[in-house]
Amino acid sequence: MKKEFRAEQVGSLLRPPELLRARAAHGEGRLPMDELKFLEDLAVQDAVQKQRDIGLDILSDGEMRRGSWLTDMADAVDGFVPQKVMLDWKGPGGGLEASSANAVGARLRKARKLTGHELPFLQSVAAGEFKITLPAPSNFMLASYKPGVTNPFYPTHSDLLRDLVEIVRDDVQIGRA
């Protein structure tokens, strides 16, 4: 009896070195946004083709347009401030490390769809089933709740979680339309 196995891409794919260099150049003001977007498009096309070549049924853009799987929340939602929460990782190699997410420093307000800049291009190159990562709202309880910065606007983690859930829920509902 032949066994069937299921495989799919979970999480980010490694960004190609040229894309990492381009993202750094853009951050330093040495590369215009349209050139960065062109290089991101090429990286997404390559990632989608590699997934097709190995036989994956559901494709991902590999999060090529993101600095981190969490960062698009702060890019799409007003209320994050450029401060970091220090996380204390336990176990071998653990220690203090700054979160890749920004801290919440005001009431959150969705400025745009979280995946609005990724969706149209991925739809055009996937030509079939695809998925886009949305961070779970609970991730921001640890990564973005900074006492003294967040609690004037969200006295409890639950207060912040309620707004985050609504932001993500709205993106999922719009994505279904």
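Mentor: Accessible areas here come from the Shrake-Rupley method with a 1.4 Å probe; for residues, only the protein chains shown count as cover. The model is predicted: local features need pLDDT of at least 70, side-chain atom pairs count only at pLDDT 80 or more, and totals for chains, interfaces and linings use all residues. Residues are numbered from 1 along each chain as its sequence is written, and side-chain values use heavy atoms, without hydrogens and water.

Trainee: What share of the area that the chain exposes do carbon and sulfur atoms supply?

Mentor: Start with the total. The chain exposes about 10,600 Å². Of this, carbon and sulfur atoms supply 57%.

Trainee: How many helices and strands does the chain have?

Mentor: Helices (H or I, at least four residues) and strands (E, at least two) are DSSP runs, numbered from the N terminus. Their order along the sequence is α-α-β-α-β-β-β-β-α-β-α-α. The count is six helices and six strands.

Trainee: Which residues are buried in helix 4?

Mentor: Buried means under 20% relative accessible area (1.4 Å probe, protein chains only). Helix 4 covers residues 119–126. Its buried residues are L119, F121, L122, V125 and A126.

Trainee: Why are they on the same side of helix 4?

Mentor: Take the directions from the helix axis to the C-beta atoms; the arc is that of these directions. The buried residues sit on the same side of helix 4 because they cover an arc of only 165°.

Trainee: What do the buried residues of helix 4 pack against?

Mentor: Contact means heavy atoms within 4.5 Å. The partners include one helix and two strands. They are helix 2 (33–53), strand 1 (59–60) and strand 6 (130–131).

Notes:
Buried means under 20% relative accessible area, exposed over 50%, partly exposed in between (1.4 Å probe, protein chains only).
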